[in-house]
Protein chains: 2
Amino acid sequence: MSIVAVGTVAFDAIETPFAQTDRILGGSATYLTLAARFLTKDVGLVAVVGGDFPEAYIIELQERGIGTEGLVIEPDGKTFFWAGRYHYDLNNRDTLDTQLNVLATFDPVVPEVYQSRRIVCLGNLDPTVQQKVMDQVPGADLVIADTMNFWIENTPDTLAETLRRVDVLVINDAEVRQLAGESNLIKAARKVQGLGPETLVVKKGEHGALLFAGDEVFAAPAYPLEDVYDPTGAGDAFLGGFAGYLAGQPTIDTTVMKQAIVMGSVVASFCVEALGPERLMVLTRDEVDARVADFHRLCAIPEGILVG
Amino acid sequence: MSIVAVGTVAFDAIETPFAQTDRILGGSATYLTLAARFLTKDVGLVAVVGGDFPEAYIIELQERGIGTEGLVIEPDGKTFFWAGRYHYDLNNRDTLDTQLNVLATFDPVVPEVYQSRRIVCLGNLDPTVQQKVMDQVPGADLVIADTMNFWIENTPDTLAETLRRVDVLVINDAEVRQLAGESNLIKAARKVQGLGPETLVVKKGEHGALLFAGDEVFAAPAYPLEDVYDPTGAGDAFLGGFAGYLAGQPTIDTTVMKQAIVMGSVVASFCVEALGPERLMVLTRDEVDARVADFHRLCAIPEGILVG
């Protein structure tokens, strides 16, 4: 199957306890497509950048098989910019600066070549923008969306409209609780499934992820890493690995969804090993496969658990 | 195999968003042995209570097969008392009152009948007290210990001595980080293994548990519960389920340790379903077995995950 991913292509300035960057390549669509490209053919992005965006970055994406037909360049505009600083434990961060720039007026146009894509991935964006994308790919088999607290708080009605049209919502645990107004995570997930998405993927960072597919629940840990260098993009890489895996399968069912969660976790675990998208840029398929095997070992309950 | 569990037998006064109790039966040794009793024969406790402790509570434990030969009653003393209030989300609690009473001078005497027990379980207690217990069961196959931030902060040297003699340390994630002085959980766990315990079990509450056994890592989620009623004793029930499972097996190796983590998680998941030890009091072996089967389904990665 094929994917069109809509999100941001951005400049990020990142501070971690280990490093500090100037403006480097970032954005949800960047991480998402870099993660998905291993797993399926025909991965393309829809995003907007300004005239300040280096062509070299576009070439880097193209060289990795990512379609950029949907990348609009506004020559007179400036690229979306985000600056953030991670705390000592890397689990929390402060946003230091956000400059929407060309993103403020982003009106996504899905190129004709992407309008028959089977899977639509909606990165964290204004839910109105997410709906405009869905309108342009009406025949998609699966719509996967991300969202965040900003839209839950500020545009709840539009978000509700979007959710009714989404098949899979990928969201972090604090946001599920917020969206449902319910502190118990399992109850909250069930409530959010009732808002539209039949399937819910709850990202819990270093604690792994939960899949709620219909009545079924599946839990996957995070891959244990001794050296987390930069968490930027991990959530988008998870989404890309998840969606990319689904796109690579002939049919999509709960079994495949569970496998896709593992793939998302694996790809995200690579993402955080280096600064920005560096690790995803050089990641190989063999590395991915080896870590998937490790992941199986990590969470395989030995058979024969019996009460003595 | 057989277990001797040393810890507290106490009065707890618990406030949750759903209920408030007067003084009810509590204490680490209570939860620990109530959880272990399903899984192995010969579970006995060593603890101290005051003259105010109802005989009816002792009979409740005895009726469930728990040996109370090591329960010392100090007729002129008062039983250890803890009062706490859980926050709305049940993940945090405030201690409202702690009265050590007879626990302040607790000098454990392991009855002769327990001195040949194969597994020693040391509930969260002063590390000096934990050492005194180990001295009295010198031939134990396995020593499993719990500890907490209070001892890490206030008696680090004594705790270090205890750790050198412990085979398995069961501890929560914040405490591993604190004990190791290291924010990365995996690095912190490795460092704590270097302090003595070959095996480390990291409890993460609603996020499950991690096993570090030699070089191996195993991750288990928490059983997803829609109705958490009272988290009191969950950590001790986990420890009891873990130790009880080990005790029920002919030999103990990493495979069995992984299975024991699942059992600890399952028994702990029952513990939180009702107030205090109520659920463990009435829990049946069939219920445990059924939830173990559910747990397998919860975290089984379907075979055949391949890159497409």
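## Salt bridges

Over all chains, this predicted model holds 26 salt bridges. One of them joins the side chains of A:E15 and A:R85, with an N to O distance of 3.0 Å. The two residues belong to distant parts of chain A: A:E15 sits in strand 2 (residues 10-15) and A:R85 in strand 6 (residues 81-86), 70 residues apart. A:R85 has a relative accessibility of 37%, which places this residue in the partly exposed class.

In chain B, B:D107 and B:K132 form another salt bridge, their closest N and O atoms lying 3.2 Å apart. This pair also links distant parts of its chain, with the two positions 25 residues apart in numbering. B:D107 lies in the loop between strand 7 (93-99) and strand 8 (119-122), while B:K132 is part of helix 3 (residues 127-136). Both ends are partly exposed: the relative accessible area is 47% for B:D107 and 36% for B:K132.

## A pair in chain B and a network in chain A

The side chains of B:E273 and B:R279 meet in a salt bridge at 3.0 Å, N to O. Their burial classes can be stated separately. B:E273 is partly exposed, at 24% relative accessible area, whereas B:R279 is buried, at 14%. The cut-off for buried is under 20%, so the value of 14% falls within that class.

In chain A, a network of salt bridges links A:E273, A:R279, A:E287 and A:R291.

## A buried glutamate without a salt bridge

Side chains of opposite charge can pair when their charged atoms come close. B:E182 is buried but has no salt bridge. The nearest side chain of opposite charge belongs to B:K187, 4.8 Å away. A salt bridge requires the nitrogen and the carboxyl oxygen to be within 4 Å, so the pair does not count as one.

B:E182 is located in the loop between helix 6 (173-180) and helix 7 (185-193) of chain B. Its side chain reaches the backbone nitrogen of B:N184 at 3.0 Å. When neighbours within four places in sequence are set aside, the contacts of B:E182 are B:R177, B:K187 and B:A188.

## Helix 6 of chain B

Helix 6 of chain B has 8 residues, of which 6 are buried, so the helix is largely enclosed by the rest of the structure. The buried residues are B:D173, B:E175, B:V176, B:R177, B:L179 and B:A180. They pack against helix 4 (149-154), helix 5 (156-164), strand 10 (168-172), helix 7 and strand 11 (199-203) of chain B.

At the N-terminal end of helix 6, B:N172 acts as a cap, with a side-chain oxygen 3.1 Å from the backbone nitrogen of B:A174. Just after the helix, B:G181 takes a positive phi of about 60°.

## Relation of the two chains

Two copies of a chain are related by a rotation about an axis and a shift along it. Here, chain B is superposed on chain A by a rotation of 180° with 0.0 Å of shift along the axis, at an RMSD of 0.0 Å. This is the relation of a two-fold axis. Among the residues of chain B, B:H207 comes closest to the rotation axis, its C-alpha being at 3.0 Å.

Of the interface residues of chain B, 100% are also interface residues in chain A, so the copies meet through the same surface.

Technical notes: Residues numbered from 1 in each chain as written. Chains lettered and ligands numbered in written order. Predicted model: local features only at pLDDT ≥ 70, side-chain atom pairs only at ≥ 80, totals over all residues. Heavy atoms only, no water. Least-squares fit on C-alpha atoms with pLDDT ≥ 70 in both. Contact = heavy atoms within 4.5 Å. Helix = DSSP H or I, 4+ residues; strand = E, 2+ residues; numbered from the N terminus. Buried < 20%, exposed > 50% of the residue type's maximum accessible area, 1.4 Å probe, protein only. Lys, Arg positive; Asp, Glu negative; His and termini not counted. Polar contact = N/O pair within 3.5 Å; in protein donor to acceptor, adjacent residues only side chain to side chain.
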